[in-house]
Amino acid sequence: MFNLLNKIIPRHCLFCLQKILDNKDICEACFDAIAVNKSCCQRCASPIEQLDVRHNLLCGHCLSHQHDFDQVISPFLYSKEIRYLITSLKYQKKIHFAKVLAELFIQQVNNNSSFKLPQAIIPMPMHVKRLRDRGFNQALELSRYFSSYYALPLDYKSITRSRYTDLQAGLAASERQKNVANAFS
């Protein structure tokens, strides 16, 4: 059925717009061009130019600070391709890009031996005002794919957004932390 449908209505790569003969959204050449986060801290996923294997592959910040989390998984750098997918999902309401991003993530982390499945998938909640403006929560949309693929519970009720905050886009890391301080319950 797919082959017949693909001949009638051919798929095109989301980046280069060339025809794709298989059931993918991104051609192989464009997929290979996406910048992978290869050398990164094993706790916070920040890129590190030179990893020091003597310190369990942690960045200087993670070596000197305690975190409330075990591990961040960020398989790709925030390259123009990833930025396009994320901003199109969030601001142009291209909700089908959630599936594309989830599939890219899954494909990459399934090749990562340090990836450990969590107990549940918990998407970051949006404030009700922002949810009303946007019409959907992109984190929840992504989480639906992860929950389904990994057969994990999707918990979207344990954390709530208790305070409206400014948009995070354009803020430095320290400003982002201040912006969301005490915003969740």
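This report describes the salt bridges of a predicted model and then the surroundings of one serine residue.

## Salt bridges in the model

Side chains of opposite charge can pair when their charged atoms come close. When the whole structure is searched for such pairs, 4 salt bridges are found, and three of them are described below, each with its place in a helix and the accessibility of its two partners.

## The pair in helix 5

In helix 5, which spans residues 96-109, Glu103 and Lys99 stand 4 residues apart, or about one turn of the helix. Their side chains meet in a salt bridge, with a distance of 2.8 Å from N to O.

Glu103 has a relative accessibility of 37% and therefore counts as partly exposed, and Lys99, at 34% relative accessibility, counts as partly exposed as well.

## The pair in helix 6

Helix 6 covers residues 128-134 and holds both Asp133 and Lys129, which are separated by 4 residues, about one turn of the helix. These two residues form a salt bridge in which the closest N and O atoms are 3.5 Å apart.

The partners fall into separate accessibility classes: Asp133 is exposed, because its relative accessible area is 51% and the class begins over 50%, whereas Lys129 is partly exposed, with a relative accessible area of 37%.

## The pair in helix 7

Glu141 and Arg144 both belong to helix 7, made up of residues 138-150, and lie 3 residues apart, which is again described as about one turn of the helix. Between Glu141 and Arg144 there is a salt bridge, and the closest N and O atoms in it are 3.7 Å apart.

Here the acidic partner, Glu141, counts as buried because its relative accessibility is 18%, and buried means under 20%. Arg144, by contrast, has a relative accessible area of 42% and is partly exposed.

## Ser79 and its surroundings

Ser79 lies outside the helices described so far, in the loop that runs between helix 3 (60-64) and helix 4 (80-91). Although Ser79 is in a loop, the residue counts as buried, with a relative accessibility of 12%.

Two kinds of neighbour can be named for Ser79. Its side chain makes a polar contact with the side chain of Glu81, at a distance of 3.0 Å. Once the neighbours within four places in sequence are left aside, Ser79 is in contact with Ile34 and Ala35.

Note on methods: Residues numbered from 1 in each chain as written. Predicted model: local features only at pLDDT ≥ 70, side-chain atom pairs only at ≥ 80, totals over all residues. Heavy atoms only, no water. Helix = DSSP H or I, 4+ residues; strand = E, 2+ residues; numbered from the N terminus. Buried < 20%, exposed > 50% of the residue type's maximum accessible area, 1.4 Å probe, protein only. Polar contact = N/O pair within 3.5 Å; in protein donor to acceptor, adjacent residues only side chain to side chain. Contact = heavy atoms within 4.5 Å.
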